[in-house]
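Trainee: Got a minute? I'd like to go through a structure with you.
Mentor: Sure, put it up and ask away.

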Amino acid sequence: MVKTKRGRVLWTLPSHGRGTCPVCGTTRIKVLYTKVKADGTTLKVCKRCDKAPQAKVDAVSR
């Protein structure tokens with residue numbers, strides 16, 4: 001059976017959930033995952049950087 005709702009929420013996000021990942025710098029990639037820096041600010045990162053070490057996330061100057 002077809003799952004008609006799969007991915008539907010992406011259409012309500014700005015640019016359909018795509019942007020530039022602040023950790024790796026990849027452009028036009030889905031940035032859907034939330035990472036928290038050591039100072040408490042949150043970042044939206046790509047799927048590859050969701051598993052990145054915390055030191056790499058904290059190095060982002062944003």
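Mentor: We'll take charge, cysteines, a nonpolar patch and some backbone angles in turn.

Mentor: Before that, this is a predicted model, with local features needing pLDDT of at least 70, side-chain atom pairs counting only at pLDDT 80 or more, and totals for chains, interfaces and linings using all residues. Residues are numbered from 1 along each chain as its sequence is written, and side-chain values use heavy atoms, leaving out hydrogens and water.

Trainee: OK, which residues gather in the patch of positive charge?
Mentor: R18, R28, K30, K47 and K51, on the surface. A patch takes residues with over 30% relative accessible area and no salt bridge, joining like charges within 9 Å and nonpolar side chains (Val, Leu, Ile, Met, Phe, Trp, Tyr) within 5 Å. A salt bridge here is a Lys or Arg side-chain nitrogen within 4 Å of an Asp or Glu carboxyl oxygen.

Trainee: Where does R18 lie?
Mentor: In strand β1, residues 18-19; strands are DSSP runs of E with at least two residues. R18 is partly exposed, because its relative accessibility is 43% (buried is under 20%, exposed over 50%, partly exposed in between, with a 1.4 Å probe and protein chains only).

Trainee: Switching topic: how many disulfides?
Mentor: The count comes to 0, where a disulfide is a pair of cysteine sulfur atoms within 2.5 Å. C46, for instance, is in none, and its nearest cysteine sulfur, that of C49, is 3.6 Å away.

Trainee: Why does C49 have no bond to C24?
Mentor: Because the C49 sulfur is 3.6 Å from the one in C24, its closest cysteine sulfur, and that's too far for a bond.

Trainee: And is C46 buried or exposed?
Mentor: Buried, at a relative accessible area of 1%. C49 counts as buried as well, at 6%.

Trainee: What about the nonpolar patch on the surface, which residues form it?
Mentor: L13, L32 and Y33, with about 220 Å² of accessible area together. Those areas come from the Shrake-Rupley method with a 1.4 Å probe. L32 sits in the loop between β2 (29-30) and β3 (33-36), and counts as partly exposed at 32% relative accessibility.

Trainee: Last thing, what's the phi of S15?
Mentor: Near 55°, which is positive, and S15 isn't a glycine. Most residues other than glycine have a negative phi. H16 has a positive phi too, about 55°.

Trainee: Where is S15, then?
Mentor: In the segment before β1, and H16 is also placed in that segment. S15 counts as exposed at 55% relative accessibility, while H16 is partly exposed at 37%.

Methods
Lys, Arg positive; Asp, Glu negative; His and termini not counted. Charge placed at Lys NZ, Arg CZ, Asp CG, Glu CD. Helix = DSSP H or I, 4+ residues; strand = E, 2+ residues; numbered from the N terminus.
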